[in-house]
Every structure is written in C-alpha cells, then in structure tokens.
Amino acid sequence: MPEREVWWGAYDERWQKGDLVEGSFAHPAKMARGLVYRIVREGIKRKWWVPGESVLVDPFGGIGSTGIACSAHGIRSILVELEPKFVELAKANREMHRKDWETMGCPVFDIVQGDSRRLGKIVREAAGCVTSPPYANALNSEHHGIKDDRRARDGGDIQTAHYGHSPGQLGAMPEGSLGAITS
C-alpha cells in the first residue's frame with residue numbers, strides 16, 4: 001500500500017482583499033487559496049495536466065477561485081456554477097485579473113451558469129476535475145452531528161444569505177441524493 005501523503009498548511013494561505021472582489025468573501029465554501037494553488041501545482045508536477053494543453057473543470061465553480069489558480073499557472077479551466085450570483089462574482093474576479101494573465105500569456109478561465117448534474121452536456125473534454133466538497137444537508141442546523149457555527153454567526157439562514165434557492169443546489173439536497181467523490 002502506498003504511503004499516505006499529508007499536505008500540512010494547505011489552509012494557511014487565505015484569500016486577501018485585492019485577490020477577490022468584495023462580495024466573494026461571503027461565499028460559504030470558497031476553495032482555500034493555499035489548497036487550490038497546491039492542487040494545481042501538484043497536478044502539474046505529477047504531469048496530470050500540462051500548462052497550455054490541458055483543461056481542468058470545476059463543477060462547483062463558485063466565485064472562481066479554481067479558475068484564478070489555474071489561469072495563474074497556465075492551465076485553461078472551465079467552471080460551472082449553478083447560482084447566478086456566484087457566476088457574476090466569478091466573472092468579476094476573472095476581469096480583476098484578466099490584464100495580468102493576458103500580459104503573461106496565461107489563459108483566462110471560463111465560467112458557465114449551469115447544473116453540474118448535467119456536466120457531460122456542459123463540458124465535453126477535460127484532463128481533470130478540481131472542486132471544493134459538496135455539503136449534503138449543509139443548510140440544516142446539524143451537519144453530520146456537528147453544529148453549524150456559520151448559522152449562528154451569519155444570522156441563522158445560510159440558504160438565504162449564502163447558497164441560494166436554485167433547484168439542485170447541493171447544500172439543500174438531502175444526504176444520499178447525489179453520489180460524488182471529492183476532496
């Protein structure tokens with residue numbers, strides 16, 4: 001059995017003001033900056049994807065953090081996000097960095113509004129998939145027996161304040177209604 005690799009400190013590097021547009025910080029499940037950059041660098045190092053050749057897909061694109069990391073490393077990426085408000089934030093984050101990426105000859109990520117349960121119809125070809133975890137029952141007061149402290153901190157209604165109401169929203173789906181393998 002191969003030795004298990006542990007990535008210490010992957011959550012230490014956080015998104016800062018100036019990395020993302022203002023409204024992005026309210027997203028409840030942003031991919032940690034240190035983690036997504038580490039995943040992209042590790043994939044390049046292991047030759048899972050090649051800058052200038054490969055396309056990565058994030059089926060839960062959120063505010064565009066995976067796209068930012070991919071573009072910064074020369075990897076083309078396509079993000080799919082269900083919630084229109086997060087699609088708009090991802091587009092704003094993309095535009096914030098566009099000039100730098102174009103100056104460096106890096107690709108600019110794409111963001112598509114759509115339902116990732118139909119990912120095959122949205123994205124035809126990809127070298128890999130990077131995403132933050134879906135959270136079954138994340139909108140309930142209990143999540144796997146752990147009190148959701150965000151609910152108390154954010155005034156009680158995570159769905160209204162953060163996730164949204166679109167049909168198929170992963171945070172609102174009951175556990176067992178969707179099969180997914182993710183980090």
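**Close-up 1. A network of salt bridges links E5, R38, E42, K45 and R46.** In this predicted model, the five residues of the network are E5, R38, E42, K45 and R46, and the structure as a whole holds 14 salt bridges. One pair in the network, K45 and E42, forms a salt bridge in which the closest N and O atoms are 3.8 Å apart, a separation that counts because the criterion asks for a side-chain nitrogen of Lys or Arg within 4 Å of a carboxyl oxygen of Asp or Glu.

**Close-up 2. The salt bridge between K45 and E42 lies within helix α1.** The two partners are three residues apart, about one turn of the helix. An α-helix has 3.6 residues a turn, so residues three or four places apart point the same way. The surroundings of the two residues can be read from their relative accessibility: K45 is exposed at 59%, whereas E42 is buried, with a relative accessible area of 4%.

**Close-up 3. Helix α1 covers residues 33-45 and packs its buried residues against α2.** With 13 residues, α1 reaches 18 Å from its first C-alpha to its last, which is close to the 18 Å expected at 1.5 Å a residue. The buried residues of this helix are R33, G34, L35, V36, Y37, I39, V40, E42 and G43, and the buried residues of α1 pack against α2, which comprises residues 65-72. Just after α1, the backbone at K47 takes a positive phi of about 65°.

**Close-up 4. The side chains of E95 and R94 meet in a salt bridge.** The N to O distance in this pair is 3.1 Å. E95 has a relative accessible area of 40% and is therefore partly exposed, while R94, at 13% relative accessibility, counts as buried, because the limit for a buried residue is under 20% relative accessible area.

**Close-up 5. R117 and D115 form a salt bridge.** In this pair the closest N and O atoms are 2.6 Å apart. R117 counts as partly exposed at 42% relative accessibility, since a residue is classed as exposed over 50%, whereas its partner D115 is buried, with a relative accessible area of 17%.

Notes:
Residues are numbered from 1 along each chain as its sequence is written. This is a predicted model: local features need pLDDT of at least 70, side-chain atom pairs count only at pLDDT 80 or more; totals for chains, interfaces and linings use all residues. Side-chain values use heavy atoms; hydrogens and water are left out. Helices (H or I, at least four residues) and strands (E, at least two) are DSSP runs, numbered from the N terminus. The expected span of a helix is 1.5 Å times one less than its number of residues. Buried means under 20% relative accessible area, exposed over 50%, partly exposed in between (1.4 Å probe, protein chains only). Contact means heavy atoms within 4.5 Å.
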